[in-house]
2 protein chains.
Amino acid sequence: MTLNQDWIDEISFDASGLVPAIVQDAESGRVLMFAWMNRESVAKTAQTGEAVYFSRSRNRLWHKGEQSGHVQKVKSMRLDCDSDVLLLQIEQVGGIACHTGRERCFYRKLIDGRWQITDAVKQDPETIYGSQ
Amino acid sequence: MTLNQDWIDEISFDASGLVPAIVQDAESGRVLMFAWMNRESVAKTAQTGEAVYFSRSRNRLWHKGEQSGHVQKVKSMRLDCDSDVLLLQIEQVGGIACHTGRERCFYRKLIDGRWQITDAVKQDPETIYGSQ
């Protein structure tokens, strides 16, 4: 795997070596989640065709779905005008991107001055990850 | 304007007092841009119904469209599972979100190992902002 490809060099990583990644369902257009990537995760994503992020909490690469099997097949990758944000359009295997068992992480909407849950849990997180 | 509303307190701002905001066209579902918000910009956005961000380069509030007239009317605001990312669904007045004169900032796509421009300029930036 080559980390110094020209197209990767064009991405502006921040002082921590990270770039924000917006993750959108390629078919429905729904924004599913938001994550961070470093140079290595970008390269691995391109190489494997499956989304690999950098987990700031675990301080390591995170192959999305590595535990649950809910991998994300990357259909396209886009870069913004400042070269410092990525947009991944993906197919979500299993249909669940959020660790709460919902389709997307953005399941709360501001209604009448409160964050109200609009999306139901589609699968019990325990059956996704096992009881830990 | 009250900055300490309960729903704003529920947002996890980072160490710099900022939260990432993904900006999506409410109708087409296209992801238009990415910006940052602080507590005050979130409150102003909710109060006025128009997107107000925090510009890190200018270190001040940035009422999107203040100069060009291309304001963003906020149709809905969503919060992610970790409470640290916002999703704004908006109507883009003038149809141009990017300072390059394109509909969206994500106008480059990775094709054959290169970032290739897929979106045409819809309006000359000079006619949007004037020659500066």
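**Figure 1. An open sheet of six strands draws on both chains of this predicted model.** Its order is S8(A)-S7(A)-S5(B)-S6(B)-S1(B)-S2(B), and the pairing is mixed. Strands here are DSSP runs (E, at least two residues) and helices are too (H or I, at least four residues), numbered from the N terminus. Two strands pair if DSSP finds at least two bridges between them. Strands of a sheet pair through backbone hydrogen bonds, either parallel or antiparallel. Which strands stand at the edges? They are S8 (114-117) of chain A and S2 (31-38) of chain B. Each has a single partner strand, so one side of each is left without a neighbour in the sheet. From one strand to the next, the twist averages 35 degrees. Residues are numbered from 1 along each chain as its sequence is written, while chains are lettered from A and ligands numbered from 1 in the order in which they are written. In this predicted model, local features need pLDDT of at least 70 and side-chain atom pairs count only at pLDDT 80 or more, but totals for chains, interfaces and linings use all residues.

**Figure 2. Strands S5 and S6 of chain B run antiparallel.** S5 covers residues 72-79 and S6 covers residues 86-92. Seven bridges join them. B:Met77 stands opposite B:Leu88 in S6(B).

**Figure 3. Helix H2 of chain B lies across S2 and S5 of chain B.** The helix spans residues 39-48. H2 runs at about 120 degrees to S2(B). Axes are lines fitted to C-alpha atoms, for helices over the stretch in contact, and angles run from 0 to 180 degrees between N-to-C directions. Contact means that the C-beta atoms of two residues, placed from the backbone, lie within 7 Å.

**Figure 4. A turn of 180 degrees lays chain B on chain A.** The RMSD is 0.0 Å, and the shift along the axis is 0.0 Å. The two copies are thus related as by a two-fold rotation axis. In chain B, the C-alpha nearest the axis belongs to B:Gly29, 2.7 Å from it. Superposition is by least squares on the C-alpha atoms of residues with pLDDT of at least 70 in both copies. How do the copies meet? They meet through the same surface, because 100% of the interface residues of chain B are also interface residues in chain A.

**Figure 5. Chain A has three helices and eight strands.** From the N terminus on, its elements run α-β-β-α-β-β-β-β-β-β-α. The C-alpha trace spans about 45 × 35 × 30 Å along its principal axes.
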